[in-house]
Structures are given as C-alpha cells and as structure tokens.
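Colleague: I would like to learn how to read a fold from a model. Could we go through it feature by feature?

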Amino acid sequence: MSFRIVPEYYRLAVESLKEYALITMDMDLIIGGWSGPAAAMFGYAESEIIGKNISILFTPEDKAKGINQSEFAKALKHGREDDERWHMRKDGKSIWCYGISFPLKDEKGKVRGFAKLIRDDTERKLANDRARENEERLSIAAESTGLGTWDFDVERRTLHLSDRAAVLFGLGTAPTDAGFEQFLERIHTEDRSEIAATFQKCLEPGGAGQANLEYRVVMPNGTVRSVL
C-alpha cells in the first residue's frame with residue numbers, strides 16, 4: 001500500500017526545516033513552491049516569486065557561465081547535485097548558500113520538475129575567509145622575520161609546515177606535510193617526551209591552550225639546533 005503525504009502535512013514538514021528553504025520548480029525551472037525560510041533568506045514574498053525562473057536567484061557571473069541551467073541538468077543526470085555558491089537577494093545583496101538540487105518524479109517515475117533545498121551559510125563563509133586572511137597575514141609576517149609556522153590537523157595528526165619551518169626541521173625547502181610522529185623524531189631524544197606531553201595538554205579540554213616550548217632539533221646530518 002502506497003502512502004501519499006497530504007498537503008497540510010507536507011507544508012508542516014517543510015516549515016519544520018528551520019535552516020533550509022525549499023524551492024520547487026517545473027521542468028522549465030519556473031518556481032512553483034516557496035517554503036521554509038525562503039522569504040526571509042531572499043527577500044521575496046511567495047506572491048512575488050511564484051512564476052519566476054530560478055535564475056533570478058543566481059549571480060550574473062553564474063548565469064553567464066550557464067550554472068543556473070547546468071546545476072539542474074547534473075541533478076537530473078545523477079539524481080542529486082550539491083553546490084556551494086553565491087546567490088542573489090531581492091535587494092541586490094549576495095548570500096553564500098549550500099544547496100541540494102534533485103528531480104521530482106511522479107508515481108510512474110517520470111520527472112515533473114525539480115526541488116532545491118538551500119541554506120544560508122554566509123556567516124560561516126565570511127568567518128572562514130577572515131580566518132584564512134589572518135593566517136595568510138601571520139604567515140607572511142612570520143616568513144619576513146625568519147620565523148617558521150606550522151598547522152596541526154588534530155584528526156589526521158599531520159603537520160603542514162611553511163617554507164621556513166620545513167628548513168628549520170630539515171624537511172626540505174617547500175611547504176611540507178608531515179606526520180606528528182615524524183615531527184617528534186626530529187626532536188632530541190632527551191626533549192621528546194616532555195614536548196609530546198606539553199603538546200597534548202594544549203589540546204585537552206580545559207587545558208592551557210598554548211605553551212612556549214624550547215627544545216633541540218636533530219638535523220639529518222647530525223647537527224643540533226635549538227628551536228623556540
């Protein structure tokens with residue numbers, strides 16, 4: 001026995017998606033459904049947007065590239081298309097969105113249109129961009145003063161070293177990815193356990209979060225240098 005969602009329950013289900021707007025379209029990408037936070041997200045009331053082509057929400061740059069068409073062609077081919085891109089509000093401002101597009105089929109399996117779930121990720125995008133810019137400024141400042149920098153990926157336990165840091169640890173002259181164990185192997189055996197323990201404490205919840213470490217590094221040719 002098949003189950004059909006009645007319109008009232010369908011709307012309740014859609015409206016319960018607090019972070020996602022649901023936009024439905026026909027095969028010509030004409031908007032026929034405008035639910036969830038779509039109005040607040042894009043600034044269009046439902047009466048204003050119904051009957052408009054979805055391209056109204058795409059940036060001029062993406063429309064010039066045909067992305068407003070190709071996105072749904074890919075969804076039709078693969079059954080789903082995920083994307084992250086800038087979209088346009090009614091007031092002309094752009095918002096960074098994560099979206100999922102997929103074809104809508106009738107009971108016989110024939111595609112009748114498309115749906116797009118979309119979430120406003122502008123704040124996260126801007127925060128990531130600011131963090132990236134700060135990291136680049138720090139790296140430039142550090143390199144200009146002869147300091148090395150490295151970033152540690154906690155989950156993969158890998159280090160990405162800047163040019164100068166790679167030289168300081170005898171790992172080459174290009175930005176290098178190294179395992180944490182490889183990093184420890186460069187540290188003098190008498191300093192290794194203390195550094196590993198201090199490093200771990202910085203990662204623990206409620207820990208200091210930072211530490212000034214001074215230790216000896218053994219270079220590939222056997223020479224020893226002190227690092228702060």
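Colleague: Let me start with one pair of strands. Which residue in E7 is the bridge partner of Phe152?

Modeller: The general idea is that strands of a sheet pair through backbone hydrogen bonds, either parallel or antiparallel. Keep in mind that this is a predicted model. Here the partner of Phe152 is Leu159 in E7. E6 and E7 run antiparallel and are joined by four bridges. They form a hairpin with four residues between the strands, where Arg157 has a positive phi near 55°.

Colleague: Staying with this hairpin, is Leu161 buried or exposed?

Modeller: Leu161 belongs to strand E7, residues 158-161. It counts as buried because its relative accessible area is 1%, and the cut-off for buried is under 20%. Leu161 and Trp150 are 11 residues apart along the chain, yet their C-alpha atoms are separated by 4.3 Å.

Colleague: How many helices and strands does the chain have?

Modeller: The chain has nine helices and 10 strands. Of its 228 residues, 34% count as buried. Taking contacts between residues at least 6 apart in sequence, 38% join residues at least 24 apart.

Colleague: In what order do the five strands of the open sheet lie?

Modeller: The order is E2-E1-E5-E4-E3, and the pairing is antiparallel. Strand E2 (31-35) and strand E3 (81-88) are the edges, each pairing on one side only. On average, neighbouring strands of this sheet are turned by 25° against each other, direction ignored.

Colleague: Where can I see the register between strands?

Modeller: Look at residues that stand opposite each other. Strand E4 (residues 94-105) pairs with strand E5 (residues 111-120) in the antiparallel sense over nine bridges, and Pro103 stands opposite Phe114 in E5. E1 and E2 also run antiparallel, with four bridges between them; there Thr24 stands opposite Gly33 in E2. E1 and E2 make a hairpin with four residues between them, and Leu29 in its turn has a positive phi of about 65°.

Colleague: E2 is an edge strand. How many of its five residues are buried?

Modeller: Four of the five residues of E2 are buried, so the strand is largely enclosed by the rest of the structure. As a general point on strands, side chains in a regular one alternate between the two faces of the sheet.

Colleague: Which residues have the most contacts inside the largest nonpolar core?

Modeller: They are Ile23, Met25, Trp34, Phe42 and Ile54, in a core of 20 residues. Strand E1 (20-26), E2, helix H2 (38-42), helix H5 (67-78), E4 and E5 each give two or more residues to this core. Leaving aside neighbours within four places in sequence, Phe42 is in contact with residues including Ile23, Trp34, Leu57, Ile95, Cys97 and Ile118. A second, separate core has 19 residues, among them Ala165, Leu168, Leu171 and Ile195.

Colleague: Which residues are closest to the centre of the largest pocket?

Modeller: About 700 Å³ of space lies in that pocket. Gly148, Trp150, Ala211, Tyr215 and Leu228 are the closest to its centre, out of 23 lining residues. Strand E6 (150-153), helix H7 (163-168) and helix H9 (189-203) are the elements that give two or more residues to the lining.

Colleague: Which element gives the most to that lining?

Modeller: H9 does, with four residues.

Terms used. Residues are numbered from 1 along each chain as its sequence is written. This is a predicted model: local features need pLDDT of at least 70, side-chain atom pairs count only at pLDDT 80 or more; totals for chains, interfaces and linings use all residues. Side-chain values use heavy atoms; hydrogens and water are left out. Two strands pair if DSSP finds at least two bridges between them. Axes are lines fitted to C-alpha atoms, for helices over the stretch in contact, and angles run from 0 to 180 degrees between N-to-C directions. A nonpolar core is a set of buried Ala, Val, Leu, Ile, Met, Phe, Trp, Tyr and Cys residues joined through side-chain atoms within 4.5 Å. Buried means under 20% relative accessible area, exposed over 50%, partly exposed in between (1.4 Å probe, protein chains only). Contact means heavy atoms within 4.5 Å. On a 1 Å grid over the protein atoms alone, a cavity is a set of points where a 1.4 Å probe fits but cannot get out, and a pocket is an open set with protein on both sides within 12 Å along at least five of seven lines; lining residues have an atom within 4 Å of a point. Grid points are joined across faces, edges and corners, and a volume is the space filled by probe spheres set on the points.
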